[in-house]
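User: Please take a close look at one part of this model, the metal site and the strands around it. I would like one connected description.

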Amino acid sequence: MITNAILKQWKQAKRIAVLTGAGISAESGIPTFRGDGGLWRNYRAEDLATPQAFQRDPVLVWEWYEMRREVCQKAEPNPGHFAVVELESLYPDFRLFTQNVDGLHKRAGSQSIVELHGNIFTGRCTKCGCIHPLDEVPLPQLPPPCPECGSMARPHIVWFGESYDERILGEAVAYLRSVDLIFVIGTSGQVTVPVYLAQEAIRAGAYSVEINPAESTLSESVDLSLRGKSGEILPGIVARLRDLN
Ligand code: NAD
Ligand code: ZN
């Protein structure tokens, strides 16, 4: 139950953050890693989204990404993504941090997005490091060559065991330590850094709300857990916030 008193507190927030995980895209038909449909040819994501897997068999890893790129390209943003866009319009100081690589937040119209784990429609050269779009689905050649130097490209994604971009992380921490309100949506909390980011906001005193049909590792830390699908819960919250005087 979200009382009007709680809503008023949220409405008065000056600076807010939304942290999303794979769950917000589940209603768009994109499988989460840990739910049903998380397996591909009997591989778990944790066995493919690693630098070791890529070193061992780059074509296999690229084939998996081709399958996922096709799913992402065909998917459409859902009411949860659109509610995040509307939430942004209610707060001048807003930032969206997403673990998702599917590009759906951008396609829905979100402006202030930090893609913590990269984007599935972007490649990066393993030699010269240049970052380039991978617009074609499917790609004409696997592994795709770097457009600058012809060496092998890899997905521009932070894989399991890899470090994050220091600048992005530093800015995220600074921002999250100063928010009044944080929504954590559709994340299981199995990946360390996003959990740390949410905890930094909570430790600094932000009011924290989780939206997830299941319990997550953050459930115990948040002020309010809303159990359900983000595409069903979030639009209602945003409408009430918008209409509150
Ligand atoms: P996860 O797969 O570990 O967890 C998904 C969470 O979403 C679960 O807690 C589940 O209960 C919840 N969920 C399921 N349906 C939901 C709904 N309709 N509304 C709200 N919540 C729902 O995902 P994660 O925590 O994001 O971590 C996995 C990693 O996998 C991330 O690093 C992410 O980059 C990557 N990933 C991305 C995508 C994507 O881009 N769409 C998809 C799969 C995995
Ligand atoms: Zn190159």
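Analyst: The model is predicted. This part contains an open sheet of 3 strands in the order β5-β4-β6, and the pairing is antiparallel. Its edge strands, each paired on one side only, are β5 (131-133) and β6 (153-157). From one strand to the next the twist averages 45°. Helix α4, residues 58-74, packs on this sheet and touches β4 and β6; the direction of α4 makes about 140° with that of β4.

Strand β4 covers residues 118-125 and is joined to β5 by 3 bridges, the two running antiparallel. Across this pairing, Arg124 stands opposite Ile131 in β5.

The metal site comes next. The zinc ion (ligand 2) has four cysteine sulfurs as its protein donors: SG of Cys125, Cys128, Cys146 and Cys149, lying 2.3 Å from the ion. Along the chain these donors follow the spacing C-x2-C-x17-C-x2-C. Cys128 sits in the loop between β4 and β5, while Cys149 sits in the loop between β5 and β6, so this pair ties together parts that are 21 residues apart in sequence.

The angles among the 4 donor atoms are 102 to 120°, and the site of the zinc ion (ligand 2) is tetrahedral. For comparison, the ideal angle for four tetrahedral donors is 109.5 degrees.

Two of the donor residues can also be described by their accessibility. Cys128 has 42% relative accessibility and therefore counts as partly exposed. Cys149, at 39% relative accessibility, counts as partly exposed. The range that applies here lies between 20% and 50%.

Definitions and conventions
Residues numbered from 1 in each chain as written. Chains lettered and ligands numbered in written order. Predicted model: local features only at pLDDT ≥ 70, side-chain atom pairs only at ≥ 80, totals over all residues. Heavy atoms only, no water. Pairing = 2+ DSSP bridges. Helix = DSSP H or I, 4+ residues; strand = E, 2+ residues; numbered from the N terminus. Axes fitted to C-alpha atoms, helices over the stretch in contact; angles between N-to-C directions. Contact = heavy atoms within 4.5 Å. Donors = N, O, S within 2.8 Å, 3.2 Å for Na, K, Ca; no water. Tetrahedral: all angles 85-135°; square planar, octahedral: opposite > 155°, others 65-115°. Buried < 20%, exposed > 50% of the residue type's maximum accessible area, 1.4 Å probe, protein only.
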